[in-house]
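Subject: Handover of a structure and notes on what was found

Dear colleague,

Please find the structure below, together with its sequence. My notes follow it and are arranged by topic.

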Amino acid sequence: SKTLGSLGKFTVYCFEVAARSHFTPTDGRDVYGPYSNATCQQTLQDVPGKPFLYQIVLGMRGSGEVSLNWTRPTANGILIAYEVYRNGTKDFLNAGHKEKLVDISLQNFTSTTLLLPGSSAISATLHGLSGSTTYQFKVRAYTAIGPGSYSNEVSAFVPATSPPLVLPPVELGPAVTVVFDDGRVPPHVTATTIPVVFPKVSEINGHISSYSIIVLQVPQDLRALDLTMPPVTYSHFRMLDNSSVSAAQKPPYFAFFGTSANLTTVTVSSLTQPQSRRSVSSDSEAFSFTLGAETQRDCEKQQIACNVELQSMTTYRYKIRAYTHVESGDPSNGLYSDSTYSQPITTLNGSNYLFHCLTAP
């Protein structure tokens, strides 16, 4: 018997054996008898070699997609899967799944000398990545024996996109009870103020850098109501409000524009409201704000947004806008998503409210 070494992994070898005579003719040649029949054997599988991750291509902004390209490693067996490691998460891709893995030719790829023209590579697209996040990627292949070595690590920054769905604010009213975890409850509607509670927006598409609250005064003639009218800055709204030109409907204006640090963060401990109309649930984080908390004098020098006191016996609707990016400090431009407008809310009669405050014990 004879043991052969240094053979290739997972490779078929065929062997024939012949006897060699001790007799040496005068010309010095070895004398062999006839060869046996051929016997073929395959060496066993091993873990695959190390791939080379050479290219990352970002998808369209907002798609949350990244395409990775890497060289096909030395198989050393039957490749059954690839693992893409990213920031602690492992994605396993079936090596035979052509919808996710696509063989590509590198014969026109010349940006690195580590690749030989005509060699093959793998391309895979990952979905559902978070915006405004830097990812570290590396790849390794699997055979039935196990995983091979990881490839080199390559980083890529996935830019922020518009926030996901912004849920509508809580419809506060007599039939709705909201209690915060510290025992407080939102204030009541007054002649000049309206309480606002709205849920925190998911940051899956990127960090929420800012919020704005857009207020719309509902016209007496509801036929003039236009919920698609774009909001204006408070300075523009004040200019229109002070002009002699009357409009069927005033444009909505920015009552608030800033970071979440300028809002009151609360945790809702209990909520009494029909399940189908809930935008927050118990133990969820939300923000609390009071519309109309500033006076006209406070707002005289404000340009972008001002939380000016509301008019008594007037109906308002408001909506929430969340941003992952604001263009040049303009709340009308950037990457943002809006909630729907709240239900109509009417402020109280100013004189009755004042009388109630003066006569209250």
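I begin with the second largest pocket, which is lined by 13 residues. F237, D241, Q296, V308 and Q311 are the lining residues that lie nearest its centre. Please bear in mind throughout that this is a predicted model. The volume of this pocket is about 190 Å³. Helix α1, residues 234–242, supplies the largest share of the lining, with five residues. Sorted by class, the lining consists of six nonpolar, four polar and three charged residues.

Q311 also leads to the next site. Its backbone oxygen lies 2.6 Å from a polar atom of the side chain of T347. T347 belongs to the loop between β22 (345–346) and α2 (350–359). Is T347 buried or exposed? Its relative accessible area is 4%, which is under the 20% limit, and T347 is therefore buried. Setting aside neighbours within four places in sequence, T347 is in contact with residues from two stretches of numbering, including V189, T190, A191, T193 and I194, and also L310, Q311, S312, M313, T314 and Y316.

I turn now to the salt bridges. How many salt bridges does the count come to? The count comes to six, and three of the pairs are described here.

K9 is paired with D46, and their closest N and O atoms are 3.0 Å apart. This pair links distant parts of the chain, since K9 sits in the segment before β1 (12–15) and D46 in the loop between β4 (39–42) and β5 (53–58), 37 residues apart. K9 counts as partly exposed at 43% relative accessibility, and D46 counts as partly exposed at 25%.

E285 forms a salt bridge with K200, with the closest N and O atoms 3.2 Å apart. Here too the pair links distant parts of the chain: E285 is in strand β19 (residues 284–291), K200 is in the loop between β15 (194–199) and β16 (210–217), and they are 85 residues apart. E285 counts as partly exposed, at 40% relative accessibility. K200 is partly exposed as well, with a relative accessible area of 45%.

D338 and K319 form a salt bridge whose closest N and O atoms are 3.2 Å apart. D338 lies in strand β21 (residues 330–338) and K319 in strand β20 (residues 315–327), so this pair ties together parts that are 19 residues apart in sequence. D338 is partly exposed, with a relative accessible area of 25%, whereas K319 is buried at 9%. Salt bridges with shared partners join K319, R321 and D338 into one network.

The last site is N87, in the loop between β7 (81–86) and β8 (89–94). N87 is partly exposed, with a relative accessible area of 39%. Which residues does N87 touch, not counting residues up to four places away in sequence? They are T133, T134, Y135 and Q136. The side chain of N87 reaches the backbone nitrogen of Q136 at 2.7 Å, and a polar atom of this side chain lies 3.0 Å from the backbone oxygen of T134. N87 and Q136 are 49 residues apart along the chain, yet their C-alpha atoms are separated by 5.8 Å.

With kind regards

Definitions and conventions. Residues numbered from 1 in each chain as written. Predicted model: local features only at pLDDT ≥ 70, side-chain atom pairs only at ≥ 80, totals over all residues. Heavy atoms only, no water. Helix = DSSP H or I, 4+ residues; strand = E, 2+ residues; numbered from the N terminus. Buried < 20%, exposed > 50% of the residue type's maximum accessible area, 1.4 Å probe, protein only. Polar contact = N/O pair within 3.5 Å; in protein donor to acceptor, adjacent residues only side chain to side chain. Contact = heavy atoms within 4.5 Å. 1 Å grid on protein atoms, 1.4 Å probe; cavity = no way out; pocket = protein on both sides within 12 Å on 5 of 7 lines; lining within 4 Å. Points joined across faces, edges and corners; volume = space filled by probe spheres on them. Nonpolar A, V, L, I, M, F, W, Y, C, P; charged D, E, K, R; others polar. Salt bridge = Lys/Arg side-chain N within 4 Å of Asp/Glu carboxyl O.
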